[in-house]
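Visitor: I am new to this structure and would love some help reading it. Could we look at it together?

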Amino acid sequence: MTGVGVLSRADLGVRSRARWAGWLFALPALVMYAVFELYPIITAVQYSFFDWDGINVSKPVGLANYTRVFTEPQLLASIVHSFILIIFFTFLPVLLGLVVASIVREIRSKWAGGAARTLMFLPQIIPGAASAIAWTWMYSPGGAVNQLLRALGLDALTRAWLGDFTWALPAVGIIGTWLATGLCTLLLMAGIGKIDGSLYEAASLDGANRYHQFRAITLPGLRQEIGVCVTITIIAALASFDVVFMSTQGGPGYSTQVPGVQVYQLAFTENRIGQSSALAVVLSLIVLAVILPIQRLFREK
Amino acid sequence: MIPVLARLRDTAPKTVLLTAAALFSVFPLLSMFSAALQPQGSAPAGISFPTNPQWHNFVDAWNVANITTLVQSSAVLVVGVVPIAMLISAMAAYAIAQLRIPFGNVFFLLLLLGLTLPYEIVVVPLYYQMQQLGLLNTQLGLILPLIGLNMPFAVFWMRTHFQSVPAEISESSSIDGAGPWKAFRHIQLPLAVPALASLGVLMFLSTWNQFLLAIVLIDDPNKRTMAGALQGFVGAHSTDVVLLNAGALLIMAPTILVFLLFQKYFIRAMLAGAVKG
């Protein structure tokens, strides 16, 4: 008995040393992650308690930068806008994706299906900054959107969309809808493909119509895929930068200002590093506060 | 009912819907294309079929936007980021999932934190960090943070793969007396090729399209990513609609081309990447 015990203890010692040696494999990744992500995050939190212009000595200001995030109209508006963008970045793409995916369900024709898939993927492939340029041109006074309205006899509606205080934010939002719809549609179609087809047959034999089938079979079957779409697109909405920066820079006024662009402008054009960092910290906390419950909601069965 | 008609009644709405969805996806690009082919200096109006397409605009935009230099600098960034990030994330995932290093789970939880946090929180501190290191405005100063910032997703992705490798494979190699490094290189890495390939595709795309970090950490548009260079190009030519659209299309072209060539891998990687991420 003792013999076995001694043997296994020695064995354990060797094994645990070997397990520690395994850290040599993990070390490069840990170092890169710690130096270029964890350390900057800690630094941002630290900056957020100071008043600093990037050059002169910084001055501790306690929570003042955080109070200002919620009292300075422009900063608060940027946060509100990012939540409004969720309607366009998340809600519309998931809705459109569900409609298309549940009607098409599967693409029988290989050629047409392949072509449609390729085209729907394009918005995901090109840089967001480039999509912003495409849409800036579409929204310009002489662009395709106004051309379409004129062709429909709706001349009264034409305007410089991105220069309009009321319409600029929805217009920017539609760019997000365009970016996300293809990916969501394809994800949902892939998800529907995995649902057992006999369920639909059985349901239609029982006299369930399309809507009932959708409620009873499609929607529950797509729980995971919908969760994925919602998670990705909500992060994209709350932390949007490329599209807004390249299309409106937050203007006109601050009618399309979002936290991402605001963080950039506070730090690099207004030299308010502390204020910029406080907004970035608040943005990160908002993302975590929204995403974590959603993850739980869509995970549990 | 005649079978053909019945089939048509079944497939027609699907085809219309799918076509509409596909058209919505390419419409803005077509609108750009139509503007890019108009005579330079003219004010194009919406989408119009160019009667006299000016293909030469693309040559001019190529030269004005410095596309040759941009492709080269983006390639340098991708080559600097992707292979190293692939290797060290695979090693870390192997250590966590197969070697079961002590506190590996703590490390993994720490990485998960980085998976959801937006780049906005690191960009300002990174700027000053790079300034201190003397790496501001250098490509190395963009490559290093991008490797670090890729770790959460990359390790997460590779860990999923290494968890699916049966333990017998690593056990049998250790009985054969192969050290963990040898086992990793000769047995684990070859098995991981499909997972690594998908990861490589995703990281290529995110590096090539990286915008925020590129415009903050590198001042000279010619050293940035293609996406980052767009900002300088727009600033300089915002009033010339024709040239702007031609240039922007050229800047998008490489990713579109690579996508069309490796479509299958892209779509598989992006759908899987979305589900796992």
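**A covered helix and its surroundings**

Guide: Let us begin with helix H13 of chain A: the cover over its buried residues includes helices H4 (73-104), H12 (242-247) and H14 (273-299) of chain A, together with helix H5 (120-133) of chain B. Helices here are DSSP runs of H or I, at least four residues long, numbered from the N terminus. This is a predicted model, in which local features need pLDDT of at least 70 and side-chain atom pairs count only at pLDDT 80 or more, while totals for chains, interfaces and linings use all residues. Residues are numbered from 1 along each chain as its sequence is written, and chains are lettered from A and ligands numbered from 1 in the order in which they are written.

Visitor: How many residues of H13(A) are buried?

Guide: A residue is buried if 20 or more other C-beta atoms, placed from the backbone, lie within 10 Å of its own. In H13(A), residues 259-268, that holds for 8 of 10. Among them are A:Pro259, A:Val263, A:Tyr264 and A:Leu266.

Visitor: Which element of chain A has the highest mean pLDDT, and which the lowest?

Guide: pLDDT is the predictor's confidence in each residue, from 0 to 100. Among the elements of chain A, H13(A) has the highest mean, 96, and helix H1 (residues 2-21) the lowest, 60. The average for chain A is 88, with 93% of the residues scoring at least 70. Where pLDDT is low, the predicted coordinates should not be read in detail. That applies to residues 1-7 of chain A, where pLDDT stays under 50.

Visitor: How many residues does each chain bring to the contact between chains A and B?

Guide: Two residues are in contact if their C-beta atoms, placed from the backbone, lie within 7 Å. Chain B brings 74 residues and chain A brings 75. H1(B), residues 3-36, gives the most to chain B's side, with 13 residues. That side has 58 nonpolar, 13 polar and 3 charged residues. Ala, Val, Leu, Ile, Met, Phe, Trp, Tyr, Cys and Pro count as nonpolar, Asp, Glu, Lys and Arg as charged, and the others, Gly among them, as polar.

Visitor: Which residues touch the most other members of the largest nonpolar core?

Guide: Such a core is a set of buried Ala, Val, Leu, Ile, Met, Phe, Trp, Tyr and Cys residues joined through C-beta atoms within 7 Å. Of its 175 residues, A:Ala130, B:Ala92, B:Tyr94, B:Met158 and B:Ala248 touch the most other members. Leaving aside neighbours within four places in sequence, B:Tyr94 is in contact with residues including A:Phe25 and B:Phe162.

Terms used. Buried ≥ 20, exposed ≤ 12 C-beta atoms within 10 Å, placed from the backbone. Helix = DSSP H or I, 4+ residues; strand = E, 2+ residues; numbered from the N terminus.
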